[in-house]
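Here's a quick briefing on one protein chain and one of its residues. Have a look at the model first, then read on.

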Amino acid sequence: MTTWVAPDIVPADELFQGGEREMLQGFLQNARESLLKRCAGLTADQLVTRSSPPSTLSLLGIVRHLTDVERIWFRIRFAGEEVALPYRTTENPDSAFNEAVPERAAADIARYRAEWTAVDAALSGLALDDTYQSPRWGVMNLRWAYLHTIREYSGHCGQADIIRERIDGRTQS
C-alpha cells in the first residue's frame, strides 16, 4: 500500500513589474502556491496534525478554509455566482478546520487547486473598481478583495510555517 503525500509544487516566478491587476493576481497566486509548498511532502495524517490542541487549526484545515474564503469573496460576492460553499455552513462555520480528516486530504487539495481555476475565470471579466455591497461594511471594490485575501493568506501562511516546523522541523527559506 502506498501512502499518499501532498505533491510538491514549483511556484511560478514572482512578478517584479506589470500593471496593477497583473501584480495583484501574481501576489494572490504566489500566496496560494506558498501555502501548498508548506504542505508538500506530508502525509494525509500529518496534514491534519493540530497546531496545539484543543485548537483545530491544521494545514489541511487552512487549505479548506481558504477554499471557502476565495469562493465567498470572489465567486459569490463579486462574480455573483450561485455556488455552495464546500465546507463552511451556518450551523458549523468552522467546519473547514473541525472536519479536516486524512481520508479527504487528496480530494481537499484537489478541490483547492480547482477553486483557483474557477476563481480566476470568474474574475477575468471583472474590473478592479467593480463593487460588492456588503450588508455589514457597505461598498467595497474588487481591488480591496484582492488585498484582503492576500493579507489573509499572509497570516495563514505564517501559521502554516509554525505547524510545518512542529510536524517535521522543516522551515521555509
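A residue counts as buried when its relative accessible area is under 20%. Keep in mind that this is a predicted model. With that cut-off in hand, R64 is buried, because its relative accessible area is just 5%.

**R64 and its surroundings**
- You'll find R64 in helix α3, which covers residues 59-78.
- What does the side chain of R64 reach at 2.8 Å? That would be the backbone oxygen of A96.
- A96 also turns up among the contacts of R64, once neighbours within four places in sequence are set aside. The rest of that list is Y87, S95, E99, A100 and D108.

**How the chain is built**
- The protein chain has six helices and two strands. Going from the N terminus, the order is α-α-α-α-α-β-β-α.
- Take the contacts between residues at least 6 apart in sequence: 72% of them join residues at least 24 apart.

**Overall shape**
- The radius of gyration is 16 Å, which agrees with the value near 16 Å for a compact globule of 173 residues.
- Along its principal axes, the C-alpha trace spans about 50 × 40 × 30 Å.

**Burial, surface and charge**
- Of the 173 residues in the protein chain, 43% are buried, and R64 is one of the buried residues.
- The accessible surface adds up to about 9,200 Å², and carbon and sulfur atoms account for 52% of that.
- The chain carries 19 positive and 24 negative charges, and the mean positions of the two sets lie 3 Å apart.

Notes:
Residues are numbered from 1 along each chain as its sequence is written. This is a predicted model: local features need pLDDT of at least 70, side-chain atom pairs count only at pLDDT 80 or more; totals for chains, interfaces and linings use all residues. Side-chain values use heavy atoms; hydrogens and water are left out. Helices (H or I, at least four residues) and strands (E, at least two) are DSSP runs, numbered from the N terminus. Buried means under 20% relative accessible area, exposed over 50%, partly exposed in between (1.4 Å probe, protein chains only). A polar contact is a pair of N or O atoms within 3.5 Å; within protein, one must be able to donate a hydrogen and the other to accept it, and residues adjacent in sequence count only if both atoms are side-chain atoms. Contact means heavy atoms within 4.5 Å. The radius of gyration is taken over C-alpha atoms; the globule rule is 2.2 Å times the number of residues to the power 0.38. Accessible areas come from the Shrake-Rupley method with a 1.4 Å probe; for residues, only the protein chains shown count as cover. Lys and Arg count as positive and Asp and Glu as negative; His and the chain ends are not counted. The place of a charge is taken as NZ of Lys, CZ of Arg, CG of Asp or CD of Glu.
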